[in-house]
Amino acid sequence: MASLETAAEHERILREIESTDTNCIGPTLRSVYDGQEHGLFMEKLDARIRNHDREIEKMCNHHFQGFVDSITELLKVRGEAQKLKVSQVTETNGHLQENGKEVKELRQCRVQQRNIATTIDKLTHCLPGNTQTLSLTALFQMLCLCRYYPALRTLEQLEQTCLPKAGQYRFCSIMAENIPKLRIQIRDTAMSQLRDFLESIRKHSDKIGQTAMKQVHKHPETLWAEKVQLTCSHSQEMTDLLNVDLVDFSPVYRCLHIYTVLGLRDVFENYYRKQRRKQARLVLQPHSNMHETLEGYRRYFNQIVGFFVVEDHVLHTTQGLVNRAYVEELWELALSKIVAALRTHSSYCDDPDLVLDLKNLIVLFADTLQGYGFPVSQLFDMLLEMREQYGEILLKRWNVIDQDNYSPIPVSTEEEYRQYTSQCPFQDPELEKLPFPKKLPFSEFVPKVYCQLKEFIYACLKYSEDLHLSSTEVDDMIRKSTNLLLTRTLSHCLQYAIKKKNVGLAELVQVIINTTHLEQSCHFLEEFISNITNVPPDTVNATKLYGTSTFKDARHAAEAEIYTSLNAKIDQFLQLADYDWMAAVPGGENLAASDYLIDLIAFLKSTFSVFTNLPGKVAQTACMSSCKHISTSLMQLLLDPEVRQISMGALHQLDTDVKECESFARAGPVAGFQGDTLLLAFSDLRQLLDLFTQWDWSTYLADYGKPTCKYLRVNPHTALALLEKMKETSRKNNVFAQFRKTDRDRQKLIDTIIKQLRNLIAQHHT
């Protein structure tokens, strides 16, 4: 059974091999080799092959003769065909070619039409790729031309529109990968250009500010009228300067647009503001030697103005890169630093011209920035503070006293006379009638002081210009500054001139004359100030000049100094007095006045002759004071405690000197005294000497205390002191003559009078 099954299986496999494609016999053969009878299978396979070979051989033998016949016929046909080709086919082909030219051309047109249609169809499918290629070309052209904002827009179009339509091609993925890199490249390039821009405006801030301030200086009214408009409307020249000549703002706009497109606007705004704040701190830091020259201040102001002009331009030409709050905050910071720097550096200045130029420069600086909408009230407040400093500098430099010669001004011609009278207000009809040459009563001091007072007032007025003050405020400021000059500086100069050592009476007299004329000219100064300020002098609450009181005080001080100097000079003469207090009573000859007194009287006469130009009361007071001082000094000589003994002869000599003084007083050394008014200065001494020389004690004692008393001015204490000195003298002189009755009686009389005087003093004391 097994062998039959094996034979049947082999038969099936052989049939399958015969009927199956050779590519699929692998599994069939594997089944043979998996079994154990592959040898038997090979035998059957060989037998089957031999059978087929026999069948093939039979078939070939059966058809061989027909094959030979067919070959023979083909050889005959080839010969006939060759003949046909040479003759008829070639001729026919020529006719066909000639007749088919038009058909050929038509065929070519049809082919071209078909190709065009095919091409159009293919291009329609490839159109997204072509647009992408064109966009990429335009992108690189924009990058070369630094048109970064359109380049970013193109990248955005490629990324969002073109690449998705193009499909999943490799070049599309490469382009998608490069787009972020291109964005970063554009951003970095724009930021680099922005840094260059920031460096450029830092370098050109000085020039920008200088141009802006020049425009305000040339056309201040235009800027004031348009101070609230945009920066570009201030001046076309400034706009051109900012955009072309010095600063190109396109990097700012470009960078702003690029960062906006990239969604990084906040980053850009913070960076820009941070960098500008750093530049602001550098600009606001003044040079250490800025105060030395005006040019240093000018450079400082130019840089600040340039900085804020640029910020104002950016504010009005960009949308939100900087806002008004940011600019105002930056200006407040800058303003505080500017004011502090100016206060510090201006305090070093001691040149009034430089302070005035600085004030004008600050005003121009403030007006320029105010024209761009920045508040500058603090700058004008600081200018008012500087006004006080300016006044102090003017006061320190004001001095005319040391240049005076203290002599009346001689004039030889009418021209000279008019020249001096035009410098200061002076009118004297009597003097004008006198012929030339003649002398003005005052010295060079008066016109110099008056002219310098006017110059000082002009200087104060010049400082107050352009400070936006009202006429009343300017008038008040000038008057207060002038009062400081009068009450402090000029008063100090006058006091110094009066109190300085070795000042002579002639100089003091001239000071009095000068101050009198200046006092009279004060109302002219009032009118002068009113004229230049257009403020009437009688305005309510208007400050009055203290010139009248200043010159009056100086005159009084000079008068007092004259009195003091006269008395000091009189004391010098009195120190030469050498009285013989023990002198005997002279005989019949007349006594002569003492030499020192004669010299003193001569000095007083020459001195009072200079007083003719003084006000009458001053000369009279000086004369009266001198006479009183002489009388008081002679009285003190009598009552000097060191003089313990006085003889009647000494009293007669003193009486002679007093008569000389009375003769001087009676002669009227100074005009204006009524009657014997000047003699009253010697009345105390005269009555005392008359009492002793006439020995009229009975009258004195009897009438003492009565208004009609002959010796009303004799004080009992003074009489007692002098009498005791005479008693002591009498006692010593009569030591050896005490037994003479007359001497004893005189001594007793003196003792009696002394006793009565003491009782009189005691009665009136109680």
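Helices (H or I, at least four residues) and strands (E, at least two) are DSSP runs, numbered from the N terminus. The exercises below concern a predicted model, in which local features need pLDDT of at least 70 and side-chain atom pairs count only at pLDDT 80 or more, while totals for chains, interfaces and linings use all residues. Residues are numbered from 1 along each chain as its sequence is written, and side-chain values use heavy atoms, with hydrogens and water left out.

**Exercise 1. The chain as a whole**

Task: Describe the secondary structure and the burial of the protein chain, and then its confidence values.

Solution. Begin with the elements: the protein chain contains 28 helices and 2 strands. Next, consider burial, where buried means under 20% relative accessible area, exposed over 50%, and partly exposed in between (1.4 Å probe, protein chains only). Of the 766 residues in the protein chain, 41% are buried. Then turn to pLDDT, which is the predictor's confidence in each residue, from 0 to 100. The average pLDDT of the protein chain is 79, and 83% of the residues score at least 70. Over residues 125-134, however, the pLDDT is below 50, and this stretch has 11 contacts in the model beyond near neighbours in sequence (contact means heavy atoms within 4.5 Å). Residues 735-739 also have a pLDDT below 50, with 3 contacts in the model beyond near neighbours in sequence.

**Exercise 2. The surroundings of Ser594**

Task: Find where Ser594 lies, and decide whether Ser594 is buried or exposed.

Solution. First locate the residue: Ser594 belongs to the loop between α21 (547-574) and α22 (595-610). Ser594 counts as buried because its relative accessibility is 14%. Not counting residues up to four places away in sequence, Ser594 touches Tyr579, Gln653 and Asp657. With Asp657, the side chain of Ser594 makes a polar contact of 2.7 Å; such a contact is a pair of N or O atoms within 3.5 Å, where, within protein, one must be able to donate a hydrogen and the other to accept it, and residues adjacent in sequence count only if both atoms are side-chain atoms.

**Exercise 3. A salt bridge between two helices**

Task: Explain which parts of the chain are tied together by Arg479 and Glu526.

Solution. Start from the definition: a salt bridge is a side-chain nitrogen of Lys or Arg within 4 Å of a carboxyl oxygen of Asp or Glu. The structure has 22 salt bridges, and one of them joins the side chains of Arg479 and Glu526, at 2.4 Å from N to O. Arg479 is in helix α18 (residues 471-499) and Glu526 is in helix α20 (residues 522-533), so the pair ties together parts that are 47 residues apart in sequence. Both Arg479 and Glu526 are buried.

**Exercise 4. The network around Arg686**

Task: Trace the salt bridges of Arg686 with Glu662 and with Asp690.

Solution. Take Glu662 as the starting point, where the closest N and O atoms of its salt bridge with Arg686 are 2.9 Å apart. This pair links distant parts of the chain, with Glu662 in helix α24 (residues 648-666) and Arg686 in helix α25 (residues 683-693), 24 residues apart. Glu662 counts as buried at 10% relative accessibility, and Arg686 counts as buried at 12%. The side chain of Arg686 also meets that of Asp690 in a salt bridge of 2.9 Å, N to O. Because Arg686 and Asp690 are 4 residues apart in helix α25, about one helical turn separates them. Asp690 is buried too, with a relative accessible area of 19%. Finally, salt bridges that share partners join Asp655, Lys659, Glu662, Arg686 and Asp690 into one network.
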